[in-house]
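Biologist: I'm new to this one, so I'd like to ask how you back up what you say about it. Can we look at it together?

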Amino acid sequence: MSTQTSGLAIETAGLVKTFGGTRAVDGVDLAVPAGTVYGVLGPNGAGKTTTVRMLATLLRPDSGEAHVFGHDIVREADEVRGRVSLTGQYASVDEDLTGTENLVLLARLLGHRKPPARTRAAQLLEAFGLTDAAGKQVKHYSGGMRRRIDIAASILNTPDLLFLDEPTTGLDPRSRNQVWDIVRAVVAQGTTVLLTTQYLDEADQLASRIAVIDRGKVIAEGTKGELKASVGAGSVHLRLRDPGQRPLAADLLRRALDAQVQTEADPVALTARLTTAAGNDTAAEQAARALSALARGGITVDNFSLGQPSLDEVFLALTGHDTQQPRSGSDTSRDPKDEVAA
Amino acid sequence: MSTTTTTESGELAPVRTDSLAELLVAEERPPRPSAWSASLTFGWRAILKIKHVPEQLFDVTAFPIMMVLMYTYLFGGALAGSPKEYIQFLLPGILVMSVVMITMYTGVSVNTDIEKGVFDRFRSLPIWRPSTMVGYLLGDALRYTIASVVMLTVGMILGYRADGGVAGVLVGIALLVLFSFAFSWIWTMFGLMLRTEKSVMGVSMMVIFPLTFLSNVFVDPRTMPGWLQAFVNNSPVTHLASAVRGLMAGDWPADEIAWTLGWSGLFVAVFGPITMRLYNRK
């Protein structure tokens, strides 16, 4: 039964969880190497949280198997709980208690005696820059502070495996960068981190391997490089001076880059999705080629930018539908893009 | 993310990753806490919540005072000739009735608390599983003790005299608190089973009113019709009220105490496992 020797922190096979008639997780296979940050990337409702909750022993899978450090998550749930920590999507601390009380409470539940529990709580609050807020009830904390106290609560005992379920959703960029620093510090000490996120750049910044999950299934898995190669190198966004030149510009771009070109709702805007299949050029080289092709064609470009592949683009490339479509089709503020694909 | 945000993240001190790294160097983990120690820690959590929101003690102070005053003066003249004479009979009973009624709030607080993210953390800890629920009930035991002391004080002001002395009163209250702890497992079950706070409240009322009123708290059951006597004489609340009444009067009603302990054991044995099953499945 023990798969300890494989060096995997998590190993799942055919994990399924159904709620009512919906298969929230529909046969997920994961192999997470120990000591790394593993990113699980997907839109809302893809089944990320359900997967994490099963692995953290909070939900029982309907079928399939999962082992955490070789321990079966159902039959050996207690062993699993001894080695993992969970930071949920919503603050997993008691909002009515103060920062200090929360950490002391949890330290006591982990078996620390009172004086060491207090010391550990004070040290963590200090390291997380929360000393000033230590005596305040968590319900008065800002979003960034909540995430910090939440992560602090997860590392009272340094866990072997830390689940971070969308740790930066709803945070401002500065708080987000600080959470990233914390994650890097945690993994540098040997803890394995399973990170779920909706943001490709977050997975890009932190994870060494990424699984893309959609509608309960893993639709792509690999290193960052492999995944990006499968998706394309990014996009060139252009704004022309003359809307009348747009059809010609689209045509030139398509020929110069062998790429899909989209016209945007804005009559002067164009986006070309780069592919790595167009030779071994970097995205910048391809962009340069595109610009010179347009210049030769006599087209005036007002504005130009080179974008990383977005999660939307990853999804479009991998599934043929965008992230808004599956279960949260509420966002209609952006017009669907007209495909001008070749 | 939240409407109660009052502190801007702009003024947040930076994260100190160097000291964080030091803290993360894995030390040997302490041994897991015992079942009792984990339960006590959750009891401490309940007490901290009372400290932060003292208004929640309203139901163990104002409500019991109201109960004593209301029933003493409402029924006293008619049932015993005068309120002063009636309270000698009523006080232990109304004490039992009020505290058993107050146990009902356990279900509501479990129901609202369980939806919060912190329960995910509790449930992913390697601790004795029932300790979360036992902790609630330990915190509640403190509330029941407060209610008992408040009612006894009001009763003594109105003329109640406990012939059993301090010892009789203490054992009586201890028995009441113990029974309430055991009885509360019904509420933890409903708190986990029902979906909304309101439905928990509704079901609780349906259970608690017949159970407390159909007892010997207000009057001697011999005045009741036979079919009702059959229910009342076998109700756990009647056994408890008789036991507490006897203890406070200086007797040792061994039968009634045994019945009360038996019922307490039964409540824990039946509703404890159901509660834990629901808790694990939530």
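Modeller: Sure, and keep in mind that this is a predicted model. In chain B, take the contacts between residues at least 6 apart in sequence: 79% of them join residues at least 24 apart.

Biologist: What makes Val244(B) a contact of Pro92(B)?

Modeller: Two residues are in contact if their C-beta atoms lie within 7 Å. Val244(B) and Pro92(B) are in contact, so their C-beta atoms lie within that cut-off. Leaving aside neighbours within four places in sequence, Val244(B) also contacts Leu95(B), Val96(B), Gly172(B), Leu175(B) and Leu176(B).

Biologist: How do you know that Val244(B) is buried?

Modeller: Val244(B) is a member of the largest nonpolar core, and a nonpolar core is a set of buried residues, so Val244(B) is buried. That core has 149 residues, and Val244(B) is among those that touch the most other members, as are Val96(B) and Leu103(A). Helix H4 (residues 83-102) of chain B gives the most to this core, with 13 residues. There's also a second, separate core of 15 residues, including Leu257(A) and Ala287(A).

Biologist: How much of chain B counts as buried?

Modeller: Of its 282 residues, 42%. A residue is buried if 20 or more other C-beta atoms lie within 10 Å of its own, so that share of chain B meets the cut-off.

Biologist: And which elements make up chain B?

Modeller: Chain B has 13 helices and 0 strands.

Biologist: Where does chain B touch chain A?

Modeller: Helices H1 (17-24), H2 (35-52) and H6 (118-123) of chain B each give two or more residues to that side. The contact takes 42 residues from chain B and 53 from chain A. The chain B side divides into 21 nonpolar, 12 polar and 9 charged residues.

Notes. Residues are numbered from 1 along each chain as its sequence is written. Chains are lettered from A and ligands numbered from 1 in the order in which they are written. This is a predicted model: local features need pLDDT of at least 70, side-chain atom pairs count only at pLDDT 80 or more; totals for chains, interfaces and linings use all residues. Helices (H or I, at least four residues) and strands (E, at least two) are DSSP runs, numbered from the N terminus. Ala, Val, Leu, Ile, Met, Phe, Trp, Tyr, Cys and Pro count as nonpolar, Asp, Glu, Lys and Arg as charged, and the others, Gly among them, as polar. A nonpolar core is a set of buried Ala, Val, Leu, Ile, Met, Phe, Trp, Tyr and Cys residues joined through C-beta atoms within 7 Å. A residue is buried if 20 or more other C-beta atoms lie within 10 Å of its own, exposed if 12 or fewer, and partly exposed in between; C-beta atoms are placed from the backbone.
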